[in-house]
Amino acid sequence: MIIEVKNLIKKFKDFTAVDNISFTVKDGEILAFLGPNGAGKTTTIKMLTTVLKPTSGEIKIGGYNPVTQKDKARHSFGIVFQDSSVDDDLTAYENMYLHAVLYGLLRSKRAEKIQQLLEFVELWDRRRELVKTFSGGMKRRLEIAKGLLHHPKILFLDEPTQGLDPQTRNHIWEYIKKMNVEEKMTVFFTTHYIEEAEKVADRVFIVDQGQIVAMGTPDELKQQTSKDNLEDAFIELTGHIIRDEKADGAGFMRQAGRMGGWRR
Amino acid sequence: METIYILWLRQIKKYWRSKARIVGSLGQPLLFMIAFGFGFGEIYKKAGGGNYLEFLVPGVIAMSILFTAVFSGLEIIWDRQFGFLKEMLVAPVSRLQIMVGRCLGGATVAVIQGLIVLIISLAIGFRVTNWWLVIVTLVFMFMIAFLFTLFGTAIASVLKDVQGFQLIVNFLIMPLFFLSGAFFPLTGLPRALSITVQANPLSYGVDALRGTLIGLTQFGLMTDFLVLLGVIILLLTAASYLFSRIEA
Ligand SMILES: Nc1ncnc2c1ncn2[C@@H]1O[C@H](COP(=O)(O)OP(=O)(O)OP(=O)(O)O)[C@@H](O)[C@H]1O
Ligand SMILES: [Mg+2]
């Protein structure tokens with residue numbers, strides 16, 4: 001098992017964002033981590049990747065504990081974050097180069113690899129421009145190119161394709177799939193495009209309000225809910241109500257939390 | 001090693017690209033030199049102090065280093081805001097290297113800023129007593145710069161958002177600067193003030209700059225050097241501990 005999570009909990013003050021979840025991910029698996037807004041997906045990924053400290057619970061990632069063995073754990077994964085992680089005052093190329101150095105890419109391979117990926121996301125012609133002049137989709141593509149620069153054992157992708165056009169999304173998933181097959185790289189991703197999960201994921205976890213409400217292959221989940229596509233199965237499992245309109249305490253808290261600019 | 005270099009380079013590039021900021025940040029030191037240097041010049045001379053501009057310039061150089069250095073340490077707050085902090089935090093390199101790279105970059109920028117002020121001061125009439133000693137001045141400028149970049153980094157590591165920023169400027173940086181002997185000689189001060197000034201590491205920086213530029217020192221260059229070095233080691237330990245605990 002390349003990822004093992006047991007009784008993981010994350011509380012922000014007295015609000016529980018991740019509520020006692022446990023799961024394992026097999027080596028080489030492509031796993032989709034799905035759930036409505038505010039379900040706790042990003043928070044979970046941040047704990048797996050040493051960015052946030054869990055309130056309680058155990059995590060093993062590539063065999064290491066991201067709380068007590070941060071450095072070793074960091075060597076085993078790469079990540080594309082949901083929100084920006086590039087430096088707006090640097091150019092696309094400089095961001096890529098900095099990343100290559102931080103991740104110890106061999107000097108002799110850097111230029112070639114950076115060019116290959118920038119061409120792949122169609123930013124090679126704009127490589128000398130400052131990132132702050134980029135459109136939202138261009139920034140997203142740069143984030144992805146950066147994330148694919150080195151080939152980790154586990155790749156975390158938090159809504160990697162959000163806001164991208166369908167051709168680009170397809171193109172990117174093909175690339176990731178290829179890395180998964182050729183290098184046996186484990187992929188752990190979230191998305192709100194449920195059809196992406198249906199197409200590429202080996203297994204799907206569905207989270208809602210901080211808890212895992214269903215696990216299985218796309219086919220199993222469809223059977224379980226007797227729906228003929230994953231999107232309907234997802235809606236069935238997580239309820240039809242839009243979270244934000246729910247008037248109960250938790251729903252309100254989530255909304256307030258999201259609107260209140262907590263992203264520090 | 002390359003991690004340190006690349007993060008150093010990042011600071012330099014960002015500085016170089018913000019020309020408006022460079023020019024803007026020179027306004028204040030220039031104002032101080034002209035308003036105080038010429039404004040108080042007569043009074044100071046009558047009081048038997050000699051040339052006030054000469055006395056003042058090393059203080060103003062220290063001031064611009066102080067501000068540039070602390071702010072570049074505090075830039076971590078903006079990195080957090082814009083997301084780049086995450087990039088550094090998940091990278092499989094040691095926190096110490098990341099921090100040292102950033103701080104060396106910030107310190108280099110602060111030294112450049114200090115040098116520009118020195119050049120401007122020469123243009124308005126400041127005279128260096130011994131040009132050879134300017135090499136030693138540079139060493140001290142770098143020590144001041146590195147020390148206060150570390151200081152800014154340590155603060156930014158515990159600060160969660162931009163709100164606390166103004167507070168820091170008013171309650172930390174301003175007192176550090178005004179209570180450092182940058183403006184006034186340290187002789188004949190009231191006891192409480194004298195102790196405060198001696199507890200302020202910037203005082204030793206100002207003293208060292210004055211010592212090497214115009215040959216006037218209160219504590220002696222060796223004391224200045226040892227105090228600055230000691231504080232740097234202390235802050236390096238504190239800042240790297242605090243930095244390693246950051247969450248994004
Ligand atoms: N730093 C924080 N402080 C307080 N609350 C937080 C913090 N980070 C996340 N939360 C809250 O935790 C809950 C889960 O957030 P999270 O970002 O993990 O959701 P998500 O599943 O990734 O949602 P989305 O699909 O919108 O990205 C939300 O209600 C959010 O407001
Ligand atoms: Mg999210």
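How many salt bridges does a search of the whole structure find over all chains? In this predicted model, the count comes to 22. Side chains of opposite charge can pair when their charged atoms come close, and a few of these pairs are worth walking through one by one.

Take the contacts between chains to begin with. A:Asp87 pairs up with B:Lys14, and their closest N and O atoms sit 2.9 Å apart. On the chain A side, A:Asp87 belongs to the loop between β5 and α3, while B:Lys14 comes from helix α1 (residues 2-17) of chain B, so this salt bridge joins two chains. As for solvent, both A:Asp87 and B:Lys14 are buried. The two residues also belong to a wider network of salt bridges, which links A:Asp87, A:Asp89 and A:Lys132 with B:Arg10, B:Lys14, B:Asp79 and B:Arg102.

Another pair across the chains is A:Arg107 with B:Glu2, where the closest N and O atoms are 3.7 Å apart. Here helix α4 (residues 107-120) of chain A supplies A:Arg107 and helix α1 of chain B supplies B:Glu2, so once again two chains are joined. A:Arg107 counts as exposed because its relative accessibility is 59%; B:Glu2, at 21%, counts as partly exposed.

Chain A also has a salt bridge within a single helix. The side chains of A:Asp219 and A:Lys222 meet at 3.6 Å, N to O. Both lie in helix α8 (residues 218-225) of chain A, 3 residues apart, or about one turn of the helix. What about their exposure? A:Asp219 is exposed, with a relative accessible area of 51%, whereas A:Lys222 is buried, with a value of 15%. The cut-offs explain these labels: exposed means over 50% and buried means under 20%.

Turning to the metal, the magnesium ion (ligand 2) has A:Thr42 (OG1) and A:Gln82 (OE1) as its protein donors, 1.8 to 2.0 Å away. A:Thr42 is part of helix α1 (residues 41-48) of chain A, and A:Gln82 is part of the loop between β5 (77-80) and α3 (92-102) of chain A, so the pair ties together parts that are 40 residues apart in sequence.

Last comes a nonpolar feature on chain B. B:Leu30, B:Ile34 and B:Phe38 make a nonpolar surface patch of about 260 Å². One of these residues, B:Ile34, is found in helix α2 (residues 19-39) of chain B, and it counts as partly exposed because its relative accessibility is 42%.

Methods: Residues numbered from 1 in each chain as written. Chains lettered and ligands numbered in written order. Predicted model: local features only at pLDDT ≥ 70, side-chain atom pairs only at ≥ 80, totals over all residues. Heavy atoms only, no water. Patch = residues over 30% accessible without salt bridge, like charges linked within 9 Å, V, L, I, M, F, W, Y side chains within 5 Å. Areas by Shrake-Rupley, 256 points an atom, 1.4 Å probe, with all protein chains shown as cover. Salt bridge = Lys/Arg side-chain N within 4 Å of Asp/Glu carboxyl O. Helix = DSSP H or I, 4+ residues; strand = E, 2+ residues; numbered from the N terminus. Buried < 20%, exposed > 50% of the residue type's maximum accessible area, 1.4 Å probe, protein only. Donors = N, O, S within 2.8 Å, 3.2 Å for Na, K, Ca; no water.
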